[in-house]
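Welcome! Take a moment to turn the structure around on your screen before reading on. This short briefing goes from the whole chain to its inside.

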Amino acid sequence: MGKNKLAKFEENLGFKNLFQFPATILPWEAPLRGHWQEGYYGNSNPVVLEMGCGKGDYTVGLARRYPDKNFVGLDIKGARLWRGCKTATEESMANVAFVRTRAEFVERVFAPGEISEIWITFPDPQPSKPNKRLCSPMFLERYRKLFPGGRGIVHLKTDDGDLYEYCLHEVVEPAGYEILASTADLYAEETAQSEAAAVQTFYEKRWLAEGRKIKYLAFRLM
Ligand SMILES: C[S@@+](CC[C@H](N)C(=O)[O-])C[C@H]1O[C@@H](n2cnc3c(N)ncnc32)[C@H](O)[C@@H]1O
């Protein structure tokens, strides 16, 4: 393991905005589960979750734009999360938190009804493991339970055409979820004003520089 990574892990221990949980199947529950609003953010504003947030660009970017909402980014990789934690700490952003755990454990971190909206930004496409896709029916069922009354909006941004088609045609349409936005080229002239284009993640900037098209899908679970 690189020295740089170890230094980041060490610094992660001191961040007040980072909550780290075991990547184990042994039972555990986040102490803030069910109490994130008053217990961490100190308000009753809606909590927006980013799954697989990596360096947290989207979580931090949205939090800057929407100070009246709370944001939390979840990822398993501590060295990536370090970047978001550091930026949010340096900017004294009280509406940002990060969680280090496996996405599969999201219900151990948040209680039913605790999350208002979910962003899935450039998830690993997992071509041979559909159930591991962060937009698979298994994951969507987990997310549904986190929304108040089971109703809430999920946003997917991806450069992967197969993943976009899978989510749209094999998951969202068959389930009858209301589609709020769907584009295979987010930055095409007519859709460039979309809110989803306002913040770009680390991977998004890389794919855009390579000339790849960014796909965007927003739908309402119910
Ligand atoms: C391609 S990166 C995208 C990162 C970031 N959203 C971006 O756009 O820059 C995918 C991220 O998802 C995380 N990830 C993938 N599967 C995960 C899982 N099961 N639990 C937690 N994080 C996961 C990886 O650690 C990685 O940081």
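What percentage of the 222 residues of the chain count as buried? The answer is 48%. Keep in mind as you look that this is a predicted model.

**Overall build**
- You can trace eight helices and eight strands along the chain.
- The radius of gyration is 17 Å, which agrees with the value near 17 Å that a compact globule of 222 residues would have.
- Along the principal axes, the C-alpha atoms fill a box of roughly 45 × 40 × 35 Å.
- If you take the contacts between residues at least 6 apart in sequence, 76% of them join residues at least 24 apart.

**Surface and charge**
- About 10,700 Å² of the chain is exposed, and carbon and sulfur atoms supply 51% of that area.
- The chain carries 30 positive and 29 negative charges, and the mean positions of the two groups lie 6 Å apart.

**The inside**
- As background, nonpolar side chains tend to be buried together in soluble globular proteins.
- Here, the largest nonpolar core has 42 residues, and the ones that touch the most other members are Trp-36, Leu-49, Met-51, Phe-110, Tyr-143 and Phe-219.
- Helix 7, which covers residues 161–175, gives the most to this core, with seven residues.
- A second, separate core has 26 residues, including Phe-15, Tyr-58, Cys-85 and Ala-197.
- Try zooming in on Phe-110: beyond its neighbours within four places in sequence, Phe-110 is in contact with Arg-33, Trp-36, Leu-49, Val-72, Ile-115 and Leu-146.

Note on methods
Residues numbered from 1 in each chain as written. Predicted model: local features only at pLDDT ≥ 70, side-chain atom pairs only at ≥ 80, totals over all residues. Heavy atoms only, no water. Helix = DSSP H or I, 4+ residues; strand = E, 2+ residues; numbered from the N terminus. Rg over C-alpha atoms; globule rule 2.2 N^0.38 Å. Buried < 20%, exposed > 50% of the residue type's maximum accessible area, 1.4 Å probe, protein only. Contact = heavy atoms within 4.5 Å. Areas by Shrake-Rupley, 256 points an atom, 1.4 Å probe, with all protein chains shown as cover. Lys, Arg positive; Asp, Glu negative; His and termini not counted. Charge placed at Lys NZ, Arg CZ, Asp CG, Glu CD. Core = buried A, V, L, I, M, F, W, Y, C linked by side-chain atoms within 4.5 Å.
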